Amino acid sequence: MKKLVVLLFFFLFLNGCSTTTTTADSETDASTPRIVIGFSQLGTESNWRKQHTESVQTELEKEGYEVLYRNAYLSLEQQIQDIRSFISYNVDIIVLSPLQESGWDDILLEAQKADIPVFVVDRSIEVSQETLKKSAELALEEGAGKELMVTHIGPSFKAEGNRAGLYVSNYFRNQEYNEIKVLELTGNVNASPTILRSEGFSETIQRNYQDNQQTIQVVDSISGDFIRRKGKEAMADYIAQKDISQIDVLFSQSDEMTLGAMEALGAAGVTPGKDIIIVSIDAQKNMIDKLKAGEVNCVVECNPNQGIYVRNAIKRFLEGKTDLPKEIYVHETVFSDDMDFSQIPPRNY
Ligand code: GYE
């Protein structure tokens, strides 16, 4: 009952917060208060992100949960405030899709103190040893939750980087190249996909020398914050300062940035996919179209349809299952110019 009253307050007073009441797949008894889930999303920077939001929200609603949704529009302060508002309204569960890796220590301790379980989705987070110690102490206190977060559900960003690196290694195998030069276009620093995709890519291309007797090197790394406009600016600046003809490969960590970078390359007379090999991550519809058109060589999928995984994990948790893994990875694949394009499933984002 308390949660229902709280929900009403939330609905009436919180500006910009959307709640939706849909008919659940699994019929809920009108007399049982519905589970209230606060879903904090980091932004709206891409079609990928919009699909991610929709996937999480609709799957949770299908289960019969009430979803309170807040979007932080790429502001860490806003996102912390959103989570704090979920805590003050005493939601049953928080689903956090975090902007960056660090900065969550205090707010997670606040959630634990209030006994609100937190599920982290998509990007992952890091907390300090000190915070883990505080969390362990809190776990012994009456009324507090038992852990800082229940689980992380998302892609293996490292594996995505590995797949991108593997494509590049295979592409140049048996070609007359001794040194292959890569320009990396990264997302926002301090975000786990940025860090881990870079790591995975480097790991794989370093192995290449033993296999192919060629060196593949990331000669420069520029950042476009996972945003198209910034990807374009970063690439235009690079072209203005350096000799782009020296670069063999562009490894871009998101489709939106790739689209921006391709505009800048085109304006400089460089033909993407031919003069420069392009490897992108996400696999939005617009990038698959570019792959089919031969303007992009490889698209590593990052799966935004994480809702079903979040729904299942929360369901198991609420049923009292204690065997939830600390990391739940979503299924992903890779698309490249050497494949039969008719095998690529149609996508709506
Ligand atoms: O690759 C990018 C989005 O966090 C994995 O965020 C996600 C990334 C995705 O902006 O397009």
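How many cavities of 30 Å³ or more does the structure hold? In this predicted model, the structure holds one cavity of that volume or above.

## The cavity and its lining

The volume of the largest cavity comes to about 120 Å³, and 15 residues line this cavity. Among these lining residues, W48, R49, R123, F226 and D282 are the ones that lie nearest the centre of the largest cavity. Two or more residues of the lining are contributed by each of the elements α2, which spans 47–62, and α7, which spans 192–212.

Sorted by class, the lining of the largest cavity comprises seven charged residues, five nonpolar residues and three polar residues.

## Cysteines and disulfides

A disulfide is a covalent bond between the sulfur atoms of two cysteines. With a cut-off of 2.5 Å between cysteine sulfur atoms, the count of disulfides in this structure is zero.

The reason can be followed through C298 and C302. For C298, the closest cysteine sulfur belongs to C302 and lies 14 Å away, which is too far for a bond; seen from the other side, the closest cysteine sulfur to that of C302 is the one in C298, again at 14 Å and too far for a bond.

## Burial of the two cysteines

Are C298 and C302 buried or exposed? C298 has a relative accessibility of 0% and therefore counts as buried, while C302, with a relative accessible area of 2%, is buried as well. Both values fall under the 20% cut-off for a buried residue.

Methods
Residues numbered from 1 in each chain as written. Predicted model: local features only at pLDDT ≥ 70, side-chain atom pairs only at ≥ 80, totals over all residues. Heavy atoms only, no water. Buried < 20%, exposed > 50% of the residue type's maximum accessible area, 1.4 Å probe, protein only. 1 Å grid on protein atoms, 1.4 Å probe; cavity = no way out; pocket = protein on both sides within 12 Å on 5 of 7 lines; lining within 4 Å. Points joined across faces, edges and corners; volume = space filled by probe spheres on them. Helix = DSSP H or I, 4+ residues; strand = E, 2+ residues; numbered from the N terminus. Nonpolar A, V, L, I, M, F, W, Y, C, P; charged D, E, K, R; others polar.
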